Structure formats: structure tokens, C-alpha cells
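User: Hello! I would like to talk through some side-chain contacts and strand pairings with you.

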Amino acid sequence: MGITPNQIQTAEAQQHQAAHDPNPQVRAIAGPGTGKTHAIQERVRWLISGGVAPQNLFVVSFTRASSRDLRERIMPYCLQNGQVDASAVSVSTLHSLALRALRAAGLLAYPSDPVVMDQWELEYVHDPEFSRASGVRPGTQRPLYTPSRAKRIREDFEAFCGTGQWRPPGYILPSPPVTRSERRNYQNFHSPRAQLYSYVLPGEIVRQCVENISAGALDTQELLGIEHLIVDEYQDLNPTDIAFVDHLTASGVVVFVAGDDDQSIYSFRYASPGGLQSFVNRYPNSGDHQLTDCFRCTPEVLSVGEGLMLAHSTPARIPKQTSSLYLNSQPPEPGIVHRWTFQSGIAEARAIAESCSSLIASGTHAREIMILLSNTRAVLNLMVQAMEEADISYESPRGEAYLDTRSGRFAFSIIRVVCDLADYLAHRVLMGARPHVGPGTCNAIAELAITRNLNYQSLFHQPLPEGVFAGRQLSALRDARRTCSTISAWMPDDELSLRSQDIHQLILNTFGQGEADHWDDEIAHLPPDMTLSEVRDYLWTDNDEQRALLLQAVYERLELEMPEAGFLPPQVRIMTMHGAKGLSARVVFIPCLEEELLPGSRRQPYPGLVLEAARLLFVSITRARSACILSHARTRVVYGAFSRHHPSRFLRNLGGQFRTRTSGLSATENAAIIQSCANL
């Protein structure tokens with residue numbers, strides 16, 4: 001039976017108590033698996049049922065993926081619980097909300113709605129162009145800034161966007177530190193280039209919004225009609241994000257925030273648990289709730305995670321009373337935690353692969369097994385090698401995704417241009433992803449467009465001005481213009497079956513047969529009636545879980561029979577600790593618990609980052625529903641060099657003794673995990 005109806009009813013009563021709080025500010029502390037999403041859904045339903053107009057209700061979450069997931073959960077929940085229509089509720093990221101406010105105020109100083117650059121675009125478009133635009137070193141032909149230095153200067157600006165300070169707390173200075181001259185040079189590059197390509201950096205739009213509000217040029221509440229704001233994952237907000245929410249609160253918006261300070265793991269984006277911890281002090285009349293019933297983790301797993309947090313936290317940490325519902329389920333299920341020590345990293349990887357093999361052979365679905373790594377650069381290759389030797393299908397965090405290839409970006413940009421002709425950045429990638437078109441050529445075109453006062457998007461669709469571009473610049477533009485002409489009559493609602501062969505041919509003509517076949521493989525499993533806009537959203541997703549949700553929506557729209565095996569490939573998930581946040585599995589392996597890797601040399605000099613490493617381990621442990629296997633090795637070969645490793649400082653707070661092992665799960669241990677999973 002597992003968790004009983006009475007347990008569910010009691011837990012839901014607690015969630016509803018938080019969701020129904022009428023105070024002008026409400027904080028809901030929600031540990032792992034305690035029903036935070038359910039509380040948010042119920043909050044939306046309750047507000048609309050109480051007379052709040054759906055269009056005046058806004059919900060924001062940390063990422064595009066999490067906001068999409070919330071949107072897809074909120075709408076059916078409200079319909080199924082009182083026939084409440086929540087379709088007009090705005091569910092988005094904070095960035096999208098800020099963008100909407102600036103647009104409504106006429107303060108968007110871009111030729112079109114700017115696109116947030118993703119990691120690939122930052123690495124292959126932004127940083128190389130800044131390097132090329134920086135000038136050359138005296139007496140050489142080399143750029144003044146290498147791409148790696150350009151990246152450090154850009155990150156320095158992003159730190160300011162996220163905090164409003166130069167060199168803010170938590171900012172690790174590069175060597176050498178970024179100078180004022182470098183900042184000026186960056187501003188001279190970034191300001192006109194962002195206008196030209198209509199892009200922004202992560203966090204930049206929220207910073208612009210806060211600056212305009214502070215200057216009295218923007219009233220977001222009045223412009224958008226916001227009456228209620230729900231903020232998911234509040235602990236992941238950086239100081240600029242919090243300032244934006246605080247401005248809305250000061251203007252009379254009723255704010256409900258939900259999160260868990262123990263799961264604050266994004267200091268590299270300048271998020272801090274302090275914002276959530278201090279919320280009730282900043283708003284003394286706020287309602288304060290804690291969800292304590294954990295649906296996800298078994299008692300043993302939860303106990304290990306909580307013991308770690310008790311030993312590694314700041315005085316401001318919010319005390320938790322979380323308990324596992326499996327403690328009193330039918331039958332009660334305590335869960336399983338193993339603690340292993342290996343002589344070498346090779347032995348550890350092989351034991352994990354052997355354990356995965358035995359679990360799968362005993363009936364565990366491969367996707368219900370997760371391996372979480374703190375340092376993929378140091379240990380991923382070894383883990384992948386062990387999985388391949390054991391003939392286990394796996395999903396790797398560093399497997400080359402289709403959008404990591406130039407041909408993949410080329411195909412993706414074609415679809416983006418079709419779906420939004422005003423996507424300036426897609427035009428830049430469409431040209432620059434082609435073979436033999438480098439950042440130097442693209443930068444030269446950009447600088448000419450800026451100095452000659454040309455609209456960048458028009459270069460691809462209108463007659464080119466005479467005498468401006470020549471040589472490689474003209475050749476690159478002409479090739480891209482031919483592609484744009486070919487797709488000019490295509491529409492976002494065109495079905496994939498109508499355009500897939502055309503895209504195949506464009507890739508074939510540009511990259512050759514191998515890359516065209518790669519495109520065919522990427523779309524082979526997609527429904528032929530899927531629209532190009534749906535294909536764009538599918539390619540834009542971050543992981544398989546998001547793709548599965550999108551495909552499910554497409555199948556429902558097309559009224560297709562759902563595949564028996566589902567939409568997720570039967571693969572063991574090897575993930576980064578950060579990448580696993582929000583996910584879960586029945587069995588989780590957490591190897592490499594060594595001081596050299598977690599907290600690791602980068603974090604060791606900074607006490608705050610060491611505490612964050614503990615929170616990262618807590619998040620990883622609480623991904624496990626039934627069983628968690630923790631391990632470390634005494635020796636490793638890292639970056640080709642043999643070294644002795646030492647147990648992580650966190651081991652002594654993980655609830656038991658680590659014992660030497662030479663192999664994976666025994667038959668008895670494997671059977672116990674299988675039985676534990678069956679009891680969930």
C-alpha cells in the first residue's frame with residue numbers, strides 16, 4: 001500500500017494551511033519532497049476561487065524549465081479541484097516578468113524582445129567576439145584579450161548584474177583581477193553589441209528593471225496589474241532578484257514565497273540562503289509555515305541528509321521538523337543507506353557499474369538509478385568507462401548534445417528564425433555556425449553594421465548596402481541570406497513532415513552527409529505532425545525529463561496513443577549534483593566523497609562555499625527515495641596523474657561507518673533494495 005490515504009490527507013491539510021494564509025506576505029519552508037508544488041497549485045486555486053482575477057495572479061520560478069513544469073501542473077489541478085480556470089495566470093521566470101514590465105513601460109531599448117544567451121552562445125558567440133573586438137596586443141597580431149580572459153571580464157559584469165556590486169560577497173577574484181579599464185572596454189563592446197544582436201546576459205534584464213524602478217521610471221505593479229505574486233525556489237534568488245520582489249511588495253503586491261534554505265546551491269549565480277532566512281525579519285507581519293511531511297525519502301535517507309545539515313550550517317539556518325511518511329506507511333519502510341570505501345577510483349566505478357547491472361537484472365528500471373558526481377571533469381570518464389564495460393546504457397552530463405554541434409545550432413537557428421523573424425541572435429548563429437565562418441568574420445560584420453548604422457536583421461532579408469562588405473564578410477552574408485530566402489515562406493505551424501527533408505537538404509549542402517544524417521537521427525522519434533514551434537521548444541529543453549513532458553503534451557494535442565515504454569530512454573542517469581536538483585530516483589549512488597573533490601580545492605579557502613558544498617551533498621542525498629549508496633576512494637588518477645585522496649570532511653556526519661569494499665552490491669543487499677523499492 002505504501003503511504004496511506006490518512007497520511008496524505010494530513011500532509012495536504014498542512015500544505016493547504018500555508019496556501020490559504022491571508023497575510024500580505026507568506027513564507028513556506030518546504031524541504032525535499034514535502035509538497036511545495038502542491039501548495040503553490042492550491043494557492044492559485046484558492047486565490048481565484050476567492051475572487052482574484054487570474055490575470056492579476058503571477059507565479060515565477062527559477063528556470064524556464066521549472067516554470068513550464070509549474071504551468072503544466074497548475075492548470076489541470078485547478079480544473080480538477082473546483083473547475084477553476086487558471087489559464088490566464090502568468091507562470092514564467094523572473095526574467096520574463098521583468099522583460100514584460102520593461103516592454104509595457106516602453107523601456108526596452110532593443111530592436112526586438114532580447115533573447116537570453118545560453119551557455120553555448122556565451123562560449124561560441126559572445127566571448128570570442130569580445131576577444132576579437134578588444135584590439136590587438138602591441139607588436140603582435142593576437143587579440144588583447146584571449147577568449148578565456150574575455151570570459152572572466154564578462155563574468156565580472158554578470159556579478160554586478162546579480163548583486164548591484166562590483167566584487168560582491170561570494171565573488172572569487174580571477175587572477176589577475178578585472179581592472180577598471182577592462183570593465184570600460186567591456187561596456188564599450190557589450191552595449192552596442194547587445195543592441196545589434198538583441199540579446200541580454202543572464203540576470204541583466206532584472207537588473208535593468210530594478211534600476212528603472214529605483215529611478216522612478218517604472219511601476220511594475222501598476223503596469224501589469226499584479227495583485228498576487230507567488231515565488232517558487234526563493235532561496236535561488238540573487239540580491240537583484242530579491243530587490244525586484246521587494247519593490248513589488250512595497251507597492252502593495254501580496255507575496256507568497258516558497259523554498260528551502262538547505263537547498264540553496266547557486267552561489268555562482270550569487271544566490272544565498274540568507275534571503276529566505278531573513279524574510280520574516282524583513283516582513284514582521286508575514287505568515288510563516290513549514291511543510292514537514294516528506295513523500296519522497298525513506299527515513300534512513302532523510303536522517304542522513306538532516307544529520308549533515310545539522311553539522312554544517314550557519315546560525316541563521318531555519319530549523320526543520322521534516323519526517324518521512326514511510327516511517328508509518330503500510331508496511332513501514334525504513335530505507336537503505338550504504339557507506340563504502342574503495343582502494344581506488346577504478347574499483348569504485350566498477351563496483352557501482354556492477355551494482356547497477358544487478359539492480360536492472362532484478363527488475364529495477366534503469367531510469368530509477370542515478371549516479372551523482374561533484375566533479376565531472378575529474379571522474380566522469382572513469383565512470384563512463386565502467387558503465388560501458390558492464391554494457392549498461394547510460395545518460396551522461398557531458399555526452400555531446402545535438403545543440404552542442406555547429407550543425408545542430410545551424411538547424412536550430414533555422415527553426416528559431418522561422419518561429420520568430422525578429423530573433424536577431426538566431427540570425428547571427430545561423431551565419432556563424434557555418435563551416436569556415438569564424439568569430440573574426442562575424443565580428444567584422446558586426447562592427448561595420450554598428451559604424452554604418454545598419455539594422456542587423458535586415459542584412460539577412462533586405463538588399464545589402466553597396467560597398468560596405470567584402471571578401472569573407474560578403475561571402476558569409478550571402479550564404480546566410482540564401483538560407484533565409486529558402487525558409488522565408490515557412491511558418492511556425494508547419495508540420496515537421498513538411499519541412500524535415502528541406503532542413504536535411506540545407507544541412508547536407510552546408511555540412512555534408514554525416515551531419516544531415518545526424519539531423520535525421522535527432523528527429524526520427526518525433527511525431528511527423530509536430531509543428532516547427534514545438535520542435536524548437538523540444539530542442540531548447542535542458543534534459544530528458546523536460547523533453548518527455550513536452551512530447552506528452554504533443555501526443556495529447558494530436559490525440560496519439562502514448563508509447564508503452566513512455567518517452568524517457570531506459571538509461572541510468574549519470575548527472576552532476578547541480579543538474580539533479582528537482583529530480584529523484586529510487587536508488588542513488590554518490591561516489592567521490594573525498595576532500596579533494598567535495599568540497600574541493602576551489603571551495604576550501606572560503607567557509608561559505610564549504611557550507612554550500614554540504615548543501616549540495618544534502619540535495620544529492622535527498623534525490624534518493626529508497627536507497628542511497630555513498631562512497632569514496634583512497635587513490636585516484638585525476639587528469640592523468642596518480643594521487644592519494646582523503647575522506648571528505650562530510651563523511652563523519654553521514655550517520656555511520658564507511659567500510660572497505662572490493663565489489664558492488666551483494667545478492668542479499670540487492671534483494672533488500674528491490675524489496676525496499678517495492679514497499680514505496
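User: Which residues do ring pairs link into a cluster with Phe130?

Analyst: Happy to help, and please keep in mind that this is a predicted model. Ring pairs join five residues here, and besides Phe130 the cluster holds Tyr145, Phe157, Tyr186 and Phe189.

User: How many aromatic pairs does the structure hold, and what kind of pair do Tyr186 and Phe189 form?

Analyst: The structure holds 18 aromatic pairs. For Tyr186 and Phe189, the ring centres are 6.3 Å apart and the planes meet at 45°. An angle counts as stacked under 30 degrees and as edge-to-face over 60, so the pair of Tyr186 and Phe189 is tilted.

User: Where do Tyr186 and Phe189 lie along the chain, and how far apart are they in helical turns?

Analyst: Tyr186 and Phe189 are both buried. They belong to helix α7, which covers residues 180-197. Because they sit three residues apart in that helix, their separation is about one helical turn.

User: What geometry does the pair of Tyr266 and Phe268 have, and is Phe268 buried or partly exposed?

Analyst: The centres of Tyr266 and Phe268 are 5.7 Å apart with 70° between the planes, an edge-to-face pair. Tyr266 has a relative accessible area of 10%, which makes this residue buried. Phe268 has a relative accessible area of 47%, and is therefore partly exposed.

User: Which arginine lies over the face of Tyr538, and at what distance from the ring centre?

Analyst: There are two such contacts to look at. Arg207 lies over the face of Phe160, 5.6 Å from the ring centre. Over the face of Tyr538 lies Arg547, and its distance from the ring centre is 4.3 Å.

User: Is strand β11 enclosed or exposed, and which residue of β16 is the bridge partner of Thr341?

Analyst: Strand β11 spans residues 336-344, and seven of its nine residues are buried, so the rest of the structure largely encloses it. Eight bridges join β11 to β16 (residues 624-638), and these two strands run parallel. The bridge partner of Thr341 in β16 is His632.

User: What stands opposite Trp340 in β18?

Analyst: Strand β18 (residues 659-660) runs parallel to β11, and two bridges join them. Opposite Trp340, in β18, stands Arg659.

User: How many disulfides are there, and why does Cys677 not bond to Cys628?

Analyst: A disulfide needs two cysteine sulfur atoms within 2.5 Å. Cys677 is buried at 8% relative accessibility, but the closest cysteine sulfur, in Cys628, is 12 Å from its own, which is too far for a bond. The count of disulfides comes to zero.

How values were computed: Residues are numbered from 1 along each chain as its sequence is written. This is a predicted model: local features need pLDDT of at least 70, side-chain atom pairs count only at pLDDT 80 or more; totals for chains, interfaces and linings use all residues. Side-chain values use heavy atoms; hydrogens and water are left out. Rings of Phe, Tyr and Trp (its six-membered ring) pair if their centres lie within 6.5 Å; planes under 30 degrees apart count as stacked, over 60 as edge-to-face and the rest as tilted. Helices (H or I, at least four residues) and strands (E, at least two) are DSSP runs, numbered from the N terminus. Buried means under 20% relative accessible area, exposed over 50%, partly exposed in between (1.4 Å probe, protein chains only). A charge sits over a ring if NZ of Lys or CZ of Arg is within 6 Å of the ring centre and within 35 degrees of the ring normal. Two strands pair if DSSP finds at least two bridges between them.
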